[in-house]
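Student: Could you walk me closely through the salt bridges here? I would like the partners, their places in the chain and their burial.

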Amino acid sequence: MVADQFSHVSAWVFDLDNTLYPPHARLFDQIEIRMTNWVMQELGVDRPEADHLRQHYWKTYGTTLAGLMREHDVDPAPYLTDVHDISMDHLDVDPDLARHIRSLPGRKIVYTNGCAPYAERVLAARGLANLFDAVYGVEHANFHPKPDRTAFDKIFARDGISPDVAAMFEDDPRNLAVPHALGMRTVHVAPDPEPAAHIHHHTDDLTAFLSNLVDAACPETKD
């Protein structure tokens, strides 16, 4: 039973984009447009070159921002403010997801490569505000992004999480490698599975997956 493999978990770490909301909301599409425009303006390049650079930054450093900081000494604050200035109109409140997250035993946090103010806006639009003990953005990891080991070390040390009693939910398989190495239970949240030794579980429906965990832990809460 899958729930048995989470019986030791007392800390639940959730990524944000395409994890706490479904990919079909296409929220990140808006961010990508703004990131490309920002690269074009900041570096004085055309769109094809900006797309090429962003792909290079993502593969090499983990995020566009990390590449801009490393190769061009870009100030991260204006960048994060600009690229996350997007509409939340495509997000729906999910009361079932909220109920299951609320019922999870132990500490619950959000950890995103975006910034914390943006994460708070997403959580509010999804009806998930005030369910988490903490919300961490890339700024809380001194702008080291996932999948960098340093990023995880900084966030987990800051929060006091013990990885051996924690679980990580993520849409990007790369970002589960370090949590797995640290001893966390790993869950890939995405439409399609990507089998890998560092991924324990896959789900295309986070709400349903959490429902199974909560119902097993607290059967008396079932309707």
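Tutor: What follows takes the salt bridges one at a time, then turns to their surroundings.

This is a predicted model, in which local features need pLDDT of at least 70 and side-chain atom pairs count only at pLDDT 80 or more, while totals for chains, interfaces and linings use all residues. Residues are numbered from 1 along each chain as its sequence is written, and side-chain values use heavy atoms, with hydrogens and water left out.

The structure holds ten salt bridges (a side-chain nitrogen of Lys or Arg within 4 Å of a carboxyl oxygen of Asp or Glu). Three of them follow.

Start with Glu32 and Arg54. Their side chains form a salt bridge, 3.7 Å from N to O. The pair links distant parts of the chain: Glu32 lies in helix H1 and Arg54 in helix H2, 22 residues apart. Helices (H or I, at least four residues) and strands (E, at least two) are DSSP runs, numbered from the N terminus. Glu32 has a relative accessible area of 33%, so Glu32 is partly exposed. Arg54 has 12% and therefore counts as buried. The cut-offs are under 20% for buried, over 50% for exposed and in between for partly exposed (1.4 Å probe, protein chains only).

Now the two helices behind that pair. H1 covers residues 27-43 and H2 residues 47-61. Their axes come within 9 Å and cross at roughly 110°. Axes are lines fitted to C-alpha atoms, for helices over the stretch in contact, and angles run from 0 to 180 degrees between N-to-C directions. H1 and H2 are therefore roughly perpendicular to each other. Angles of 65 to 115 degrees count that way, under 35 is roughly parallel, over 145 roughly antiparallel, and the rest oblique.

Glu32 and Arg54 both belong to the contact between these helices (heavy atoms within 4.5 Å). From H1, Met35, Thr36, Asn37, Val39, Met40 and Leu43 also take part. From H2, Arg47, Ala50, Asp51, Leu53 and Tyr57 join in. By class, this contact has seven nonpolar, two polar and four charged residues. Here Ala, Val, Leu, Ile, Met, Phe, Trp, Tyr, Cys and Pro count as nonpolar, Asp, Glu, Lys and Arg as charged, and the others, Gly among them, as polar.

Next comes Arg107 with Asp159. The closest N and O atoms of this salt bridge are 2.7 Å apart. Again distant parts of the chain are linked: Arg107 sits in strand E2 (residues 107-111), Asp159 in helix H7 (residues 149-159), 52 residues apart. Arg107 counts as partly exposed because its relative accessibility is 32%. Asp159, at 12%, counts as buried.

Then Glu170 with Lys146. Their closest N and O atoms are 2.7 Å apart. Glu170 is in strand E4 (residues 166-170), whereas Lys146 is in the loop between strand E3 (134-136) and H7; 24 residues separate the two. Glu170 is buried, with a relative accessible area of 0%. Lys146 is buried too, at 1%.

That pair has company. Asp15 joins Lys146 and Glu170 in a network of salt bridges. Asp15 also touches Leu20: leaving aside neighbours within four places in sequence, the contacts of Leu20 include Phe14, Asp15, Arg126 and Phe132.
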